[in-house]
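Colleague: I am new to this model and would like a close look at one part of it, namely the protein surface that faces the DNA. Please take me through that surface slowly, with enough background on the protein to place each residue as you come to it.

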Amino acid sequence: MSKKLPNIKLKKSFYRKDLLPVARNLVGKILVKKHGKNFLAGMIVEVEAYNGDFDQAAHSYGRKTKRNEIMFEDGGYLYVYFTYGAHHCCNVVTGKKGQGTAVLIRAVEPVSGIELMVKNRFDRKLKNEKEIFNLTSGPGKLCRAFAIDKSHSGTDITGNEIFLTSGKRVQKDEIGTSKRIGITKSVGLPWRFYLKNNPYLSRK
DNA sequence: CCAGGGATCCGG
DNA sequence: CGGATCCCTGGG
């Protein structure tokens, strides 16, 4: 008999702490988005931390603009941006007002609402069983599957549309660390955190 | 490996 | 305004 884990919505206080601990703690949490009367849900398996103070890869580095201003709010908001003319990327704002810190959600493991995610992402059924591993295994892919776009930037993620829940208990030794992917500045910072051996990572 | 694709930012 | 850049992805 397995005891069902409590799955409780994360509160503001979870996000309003230092960037790196929050980033590591986000691994294993569940991203939930209300989609009509259904819910899409995926367990976060890969994240990257960004800190505008000294990290030149962060959008908040050195400037506050219309696009990134939400990054300078208190933790607990979504920051979504559009890039390469095709893809959205979804970040969780962390820390205290004025800090400019956020965590990019790079990959999730689909948990529920999977058929809807497949429809959003491919506009067809899965071709084969392996394709599920291509559904949400990247920041642009998961935004597509969850139908998250710029209109969701600034969403309070302690509300009822998009939020995170407590999810799975993850031990420290289950979390891997590496350099971040796809950046050209501040490349040395080991600020990518992921669930080791998870098949839904953006890079295996 | 490479290029599409368009928002965004900066400098003039 | 032009030009460079971009926290990516899919298709060779």
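Modeller: I will begin with the background and then take the DNA strands in turn.

This is a predicted model, so local features are given only where pLDDT is at least 70 and side-chain atom pairs only at pLDDT 80 or more, while totals for chains, interfaces and linings use all residues. Residues are numbered from 1 along each chain as its sequence is written, chains are lettered from A and ligands numbered from 1 in the order in which they are written, and side-chain values rest on heavy atoms, with hydrogens and water left out.

Chain A holds 4 helices and 8 strands, where a helix is a DSSP run (H or I) of at least four residues and a strand (E) one of at least two, numbered from the N terminus. Read from the N terminus, two helices come before a run of five strands, which is followed by two further helices and then three strands. Along the principal axes, the C-alpha atoms of chain A fill a box of roughly 45 × 40 × 35 Å, and 49% of the 204 residues count as buried (under 20% relative accessible area with a 1.4 Å probe and protein chains only; over 50% is exposed, and partly exposed lies in between).

Around DNA strand C there are 23 residues, and the closest are His59, Tyr81, Arg121, Gly140 and Lys141; a residue is near a strand when one of its heavy atoms lies within 4 Å of it. Of the atoms of DNA strand C that come within 4 Å of the protein, 60% belong to sugar and phosphate. The elements that each supply at least two residues of this surface are strand E3 (78-83), strand E4 (87-94), strand E5 (101-112) and helix H4 (139-146). By class, the surface near DNA strand C has 10 nonpolar, 9 polar and 4 charged residues, with Ala, Val, Leu, Ile, Met, Phe, Trp, Tyr, Cys and Pro counted as nonpolar, Asp, Glu, Lys and Arg as charged, and the others, Gly among them, as polar.

Some polar contacts (pairs of N or O atoms within 3.5 Å) reach the bases of DNA strand C. An N or O atom in the side chain of His87 is 3.0 Å from a base oxygen of this strand, and a polar side-chain atom of Asn91 lies 3.5 Å from a base nitrogen. At the backbone of DNA strand C, a phosphate oxygen is 3.3 Å from a polar backbone atom of Pro139.

DNA strand B is surrounded by Arg63, Thr65, Arg67, Phe82, Thr83, Tyr84, Gly85, His87 and Lys150, a surface that divides into 2 nonpolar, 4 polar and 3 charged residues. Sugar or phosphate makes up 69% of the atoms of DNA strand B within 4 Å of the protein, and bases make up the rest. Two side chains reach phosphate oxygens of DNA strand B: a polar atom of Arg63 lies 3.1 Å from one, and an N or O atom of Thr65 is 2.4 Å from one.

Tyr84 deserves a separate look, since a polar backbone atom of Tyr84 is 3.0 Å from a base nitrogen of DNA strand B. This residue is found in the loop between E3 and E4, and Tyr84 counts as exposed because its relative accessible area is 74%. The phi of Tyr84 is near 55 degrees, a positive value in a residue other than glycine. Most residues other than glycine have a negative phi.

Conventions:
Polar contact = N/O pair within 3.5 Å; in protein donor to acceptor, adjacent residues only side chain to side chain.
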